[in-house]
Amino acid sequence: MGGCALPRHLRSGRHGSVRLKATITLRLTRFRPGLDAAPHEGVYQLPYQENMTVLEALRRVHAEQDDTLSFRWSCAQGKCGTCTVVLNGRPVLSCLTLLEPGEAKVEPPRKGQVLRDLTTDVG
Ligand code: FES
């Protein structure tokens with residue numbers, strides 16, 4: 001009887017052992033027009049937390065690892081669209097989109113001119 005009640009992504013190994021330190025690796029587009037010759041990737045690791053949104057992860061990176069990271073958000077409730085980014089090739093609202101353990105590539109929205117990093121001119 002019994003069994004492991006943990007989600008599959010938190011189990012690993014032959015016998016379903018628990019992975020205690022699941023992480024998220026964020027590959028973020030970094031670009032400062034006028035200073036950088038071209039966009040490049042910045043790689044940041046965070047401990048995985050269930051129900052962590054892309055926006056929460058970006059805010060953690062900004063607060064804990066690199067306060068030069070630029071990104072937009074406003075309502076954090078899926079209403080304004082300000083937080084749109086491209087996650088693994090698809091446009092998403094970062095405030096509503098949950099991350100899974102592993103890698104996530106985050107790029108600026110495809111519309112508008114990149115002002116810096118993940119921030120575009122939406123006006
Ligand atoms: S911050 Fe408004 S939709 Fe995400």
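What share of the 123 residues in the protein is buried? I looked that up before anything else: buried residues come to 20%. Note to self: this is a predicted model.

**Overall layout.** I counted 1 helix and 9 strands. Going along the sequence, I read the pattern as β-β-β-β-α-β-β-β-β-β. I also checked contacts between residues at least 6 apart in sequence, and 45% of them join residues at least 24 apart.

**The sheet.** I traced an open sheet of 5 strands, in the order β4-β3-β7-β5-β6, and its pairing is mixed. The edges belong to β4 (40-47) and β6 (90-93); each has a single partner strand, so one side of each lacks a neighbour in the sheet. On average, neighbouring strands here are turned by 35° against each other, direction ignored.

Next I zoomed in on β3 (residues 23-30) and β7 (residues 102-107), which pair in the parallel sense over 5 bridges. One spot to click on: threonine 25 has glutamate 103 in β7 as its bridge partner.

**Tryptophan 73.** I found this one in the loop between α1 (54-64) and β5 (84-87). Buried or exposed, or something in between? Tryptophan 73 has 18 C-beta neighbours inside 10 Å, and buried would take 20 or more, so I put it down as partly exposed.

Leaving out residues up to four places away in sequence, I listed what tryptophan 73 touches: Leu55, Thr82, Cys83, Ser94 and Cys95. I also took the distance from tryptophan 73 to threonine 84, 11 residues apart along the chain: their C-alpha atoms are separated by 8.1 Å.

Key: Residues numbered from 1 in each chain as written. Predicted model: local features only at pLDDT ≥ 70, side-chain atom pairs only at ≥ 80, totals over all residues. Pairing = 2+ DSSP bridges. Helix = DSSP H or I, 4+ residues; strand = E, 2+ residues; numbered from the N terminus. Axes fitted to C-alpha atoms, helices over the stretch in contact; angles between N-to-C directions. Buried ≥ 20, exposed ≤ 12 C-beta atoms within 10 Å, placed from the backbone. Contact = placed C-beta atoms within 7 Å.
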